[in-house]
Structure formats: structure tokens, C-alpha cells
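Dear colleague,

I am handing over the structure below, together with some notes on what was found in it. Please read the notes with the coordinates open beside them.

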Amino acid sequence: MTRRTIVAANWKMNGNSALVNTMVTGLSNIELAENVDVVICPSFPYLSELNNELSKVNLASNLFIGSQNVSEHDSGAFTGEVSTHMLKDLSVKYVIVGHSERRSLYKETSTQVAHKVNAALKAGLTPILCIGESESERATEQTETVLASQLQPVIDEVGIEKFVDVVIAYEPVWAIGTGKTASSEMAQETHQFIRQFLAQSSELVSAKVPLLYGGSVNATNCEDLFAQADIDGGLIGGASLKVEQFSPICLAAKGK
């Protein structure tokens, strides 16, 4: 079963116009492997600029714009929120939902995350659904329980068949921005569990869902991680803010 390999850059609340220009210029000079997509997710104010910069260069069709968040509502009195329609107007293709920082800092529940996934799918956007456990949950062997509790509400909301249009990013919370990284074997074991959990609802769909690893991925460890059978790319944080660090990660991704 062929799955697309995806390398997504989550800039979080970092970056500026200069980074948009530098990143587009740098990525335009690399040749990605077949079946590999690269997604750049800047803060909302730079989506339009990224769209404009990409239109100026002759890039392959596998470089896409992503958003770091989206509202579950179509429109209305929701000050500060951004709808799927607004994102599509800016040529956004992917949208990150359920990132651990949204869950912990802004109290997004798995039910709300499921609503956002549903809204994204209805609009024709590809959600990058983030799931992951804390360090204490890992230490007390609750990882699988936690991941199941984050996935099941989404399955209940949209149905397993819609997961053919979903990307899942497993990010152990204890490895995000800490410099700690799950070993490639540990990451593979968890990704295998995720795929097996989805397979309980549909083996066919499970085999098609790209599973990304996130959590202090860098140019040194990415090759070992991407080589694992059930790891189909990465959601990259800090290393995506410098083109000289991000480009090798993109080049390390091979289509499966």
C-alpha cells in the first residue's frame, strides 16, 4: 500500500516576511523524492504572503500551504477565529488540528478537535490531526489509552471512511521543543499501535493513512525515524525555522 510521505513545518508563533521569502527560495532549489509532499504552516498573517511567494517561483506541485489552526464554525461572531473558507481563499491545503499546545494552553477538547477535523474535511482541506501523551502518561504506561481517547472522538464524528483524507501526527508532548526525541524503535512501536487502532474500524483505511512523527525532529535523527515502516514523515517545529536545517529533513523523506 502506497502512502504519501509528508514533511510539515509548524512555525508556531515564530517567523516573519523574511523567513517566508528565504524558505520559499531555499526549497525551490531542492529536488524532493517522488511521492513526498512538503507543507509550510506559518502564522495566519503570513499565509497570504506565502501564497504570493509560491506563485512567483517554479516549484513542483508537491509544496503546499498549511494553517496552524482553524475554527470549527463556518462564519459568525467568533472574534479572532479563522474559517475554512478563509483558508481556502488563500490556497491553503492542509490544516493542523489538535496540537498539544492548543489542547493544553487553550483547553481544546478531543470533541472540539473532532468538530474541527469535520469542518476541514467538509471544506476539502486535509487535517493534520495531532495526538500525543505527556511524560507522566508515558511513564505510567498510559500512552495507548491516551491516544485511543484522542482518536476515537474523531472516528465517531466523521466515520473511519473519511480518514483516507486525514493525516495523523503523533507528537509525544514530552518531546516537543525539549530536545528529547523518542527512539526510532519507540516511535515505530507507537505508530504501529495507531495504525492497528484504526484497523479495528477498517484495515483498508488504516493502511492508507499517513502517520507523521513530531517532537524534536532534526537533520540528524530524521533518516532513522523516516525509515520506520509506519512513519510516513514528520511534523517539524524548531528545525523548520531555518532553511539550512529544514531542507535536509525534506530531502531525507522518501516515498513509500
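Contact here means heavy atoms within 4.5 Å, and the angles quoted run from 0 to 180 degrees between N-to-C directions, along axes that are lines fitted to C-alpha atoms. Please keep in mind throughout that this is a predicted model.

With those terms in place, helix 2 (residues 47-56) lies across strand 2, strand 3 and strand 4, and runs at about 175 degrees to strand 3. Helix 5 lies across strand 4 and strand 5 (126-131), and its direction makes an angle of about 160 degrees with strand 5.

The strands that these helices cover belong to a barrel, which 8 strands close in the order 1-2-3-4-5-6-7-8 with parallel pairing. From one strand to the next the twist averages 25 degrees. Strands of a sheet pair through backbone hydrogen bonds, either parallel or antiparallel. Strand 2 (residues 36-41) and strand 3 run parallel and are joined by 3 bridges, and V39 has F64 in strand 3 as its bridge partner. On the other side of the ring order, strand 1 (residues 5-10) and strand 8 pair in the parallel sense over 4 bridges, with A9 standing opposite I236 in strand 8. Strand 8 is also joined to strand 7 by 2 bridges, again with the two running parallel, and there Y213 stands opposite G234.

In a regular strand the side chains alternate between the two faces of the sheet. In strand 8 (residues 233-236), G233 and L235 point one way while G234 and I236 point the other way, and all of them are buried.

Turning to the aromatic residues, the count comes to 3 aromatic pairs. In one of them, the ring centres of F64 and Y94 are 5.8 Å apart and the planes stand at 65 degrees, and because an angle over 60 degrees counts as edge-to-face, this pair is placed in that class. F64 lies in strand 3 (residues 63-67) and Y94 in strand 4 (residues 92-97), so the pair ties together parts that are 30 residues apart in sequence. The two partners differ in their accessibility class, since F64 counts as partly exposed at 22% relative accessibility, whereas Y94 is buried, with a relative accessible area of 5%. F193 and F197 form another of the pairs, a tilted one, with 6.1 Å from centre to centre and 40 degrees between the planes. Both of these residues lie in helix 8 (residues 184-199), where they are 4 residues apart, or about one turn of the helix, and both F193 and F197 are buried.

A ring is also involved in a contact of another kind, in that R102 lies over the face of Y106, at 4.2 Å from the ring centre.

As for the packing of helices, two packed helices are described by the angle between their axes and the distance between the axes. For helix 1 (residues 17-27) and helix 11 (residues 243-252), the angle is about 40 degrees and the axes are 10 Å apart, and helix 1 passes helix 11 in a right-handed crossing. The residues that meet there are T22, M23, G26 and L27 in helix 1 and V243, F246, S247 and C250 in helix 11.

One residue of helix 5 may be worth a look on your side, namely H115. At 33% relative accessibility H115 counts as partly exposed, and, leaving aside its neighbours within four places in sequence, H115 is in contact with E72 and E157. The C-alpha atoms of H115 and V154 are separated by 7.8 Å, although the two residues are 39 residues apart along the chain.

Finally, there are backbone values to note in two loops. K107, which is not a glycine, has a positive phi of about 60 degrees; K107 is found in the loop between helix 4 (100-105) and helix 5 (110-122), and is exposed, with a relative accessible area of 61%. S216 likewise has a positive phi, near 60 degrees, in a residue other than glycine, and S216 is found in the loop between strand 7 (211-214) and helix 10 (222-226).

With best regards

Terms used. Residues numbered from 1 in each chain as written. Predicted model: local features only at pLDDT ≥ 70, side-chain atom pairs only at ≥ 80, totals over all residues. Heavy atoms only, no water. Phe/Tyr/Trp six-rings, centres within 6.5 Å; stacked < 30°, edge-to-face > 60°. Buried < 20%, exposed > 50% of the residue type's maximum accessible area, 1.4 Å probe, protein only. Lys NZ or Arg CZ within 6 Å of the ring centre and 35° of its normal. Pairing = 2+ DSSP bridges. Left-handed = near helix turned anticlockwise from the far one by under 90°.
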